[in-house]
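Q: I'm new to this structure and would love a close look at one small part of it. Could you pick a spot and walk me through its surroundings?

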Amino acid sequence: MRAEALSHTGLVRPGNEDCFISDVDRGLFAVADGMGGHQAGEVASHLALRALQERLFDGTAGEPLSRLLAAAEFANQTVYRCSLASKERAGMGTTMTAVWIVGSKGFLVHIGDSRAYLLRGGQLQVLTNDHSYVGELVRSGGLTTEEARVHPQRNILTRALGTDGTAAIDSREIEMKRGDRLLLCTDGLYEVIPDQELANIMNRHRELAEAARELLRLALERGGPDNVTVVLALYE
Ligand code: MG
């Protein structure tokens with residue numbers, strides 16, 4: 001595997017509450033977009049990803065997908081317990097989208113509105129469902145993806161990590177093919193760059209570092225209204 005990751009505060013927000021993992025040696029890639037006042041969002045996203053990584057590689061045996069899910073649930077517990085411990089952190093939470101590559105398989109866990117995409121044979125497909133108010137509307141046919149992208153209520157999440165003692169975390173397994181490229185990103189990217197354009201940029205820039213830089217550059221050129229995080233990984 002090869003990977004390239006970038007995270008930027010953007011041009012409007014005072015701080016960066018996004019966080020990522022790009023662990024090529026162990027095949028773990030993840031993004032998280034925290035929420036909560038007083039920098040609690042930053043605490044939530046960092047805490048979640050650290051807990052995920054530590055629990056996943058603590059030596060416990062088991063099938064990869066159940067191990068990844070257990071690690072995601074542990075991350076939920078960790079953020080939730082921390083949120084109960086201080087007033088400033090009450091109600092904090094985070095999105096989390098993680099892919100763990102083991103052999104020829106990719107194992108994915110996801111909650112919230114960050115996304116994982118797969119570029120295969122030039123075609124970009126979304127691997128995750130947005131757990132957001134507009135995401136639910138798109139799935140029920142009430143809104144197009146383009147309408148959702150610019151909807152005033154697009155930031156309302158229907159699921160998040162760490163806001164409750166239990167979390168409804170999606171999971172799936174993907175058969176990887178040589179040359180596949182994974183894009184994990186927070187909403188700060190796809191809110192300003194539609195899917196077709198994401199695909200065009202990834203197809204135009206075969207070099208991961210170049211593609212990541214170009215995605216970030218364009219997000220900032222379009223106002224950088226939110227924190228932007230991009231993790232690109234190539235399966236070789
Ligand atoms: Mg965001």
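A: Happy to! Please keep in mind that this is a predicted model. Let's begin with a polar contact of 2.7 Å between two side chains, those of T95 and S114. To find T95, look in the loop that runs between strand 4 (93-94) and strand 5 (96-102). T95 has a relative accessible area of 1%, and because buried means under 20%, T95 counts as buried.

Who are its neighbours? Leaving aside residues up to four places away in sequence, T95 touches V31, A32 and D33, then I111, G112, D113 and S114, and also L157. Two of these partners have polar links to T95: besides the side-chain contact with S114, a polar atom of the T95 side chain lies 2.9 Å from the backbone nitrogen of D33.

D33 is a good place to go next. Together with D187 and D226, D33 coordinates the magnesium ion through OD atoms, at 2.1 to 2.2 Å. Along the sequence, these donor residues follow the spacing D-x153-D-x38-D. D33 sits in strand 3 (residues 28-35), while D226 belongs to the loop between helix 7 (208-221) and strand 11 (228-234), so this pair ties together parts that are 193 residues apart in sequence.

Are these two donors buried or exposed? D33 is buried, at 11% relative accessibility, and D226 is buried too, with a relative accessible area of 4%.

So here is the path to trace on your screen: start at S114, step to the side chain of T95, go on to the backbone nitrogen of D33, and finish at the magnesium ion that D33 helps coordinate.

Terms used. Residues numbered from 1 in each chain as written. Predicted model: local features only at pLDDT ≥ 70, side-chain atom pairs only at ≥ 80, totals over all residues. Heavy atoms only, no water. Helix = DSSP H or I, 4+ residues; strand = E, 2+ residues; numbered from the N terminus. Buried < 20%, exposed > 50% of the residue type's maximum accessible area, 1.4 Å probe, protein only. Polar contact = N/O pair within 3.5 Å; in protein donor to acceptor, adjacent residues only side chain to side chain. Contact = heavy atoms within 4.5 Å. Donors = N, O, S within 2.8 Å, 3.2 Å for Na, K, Ca; no water.
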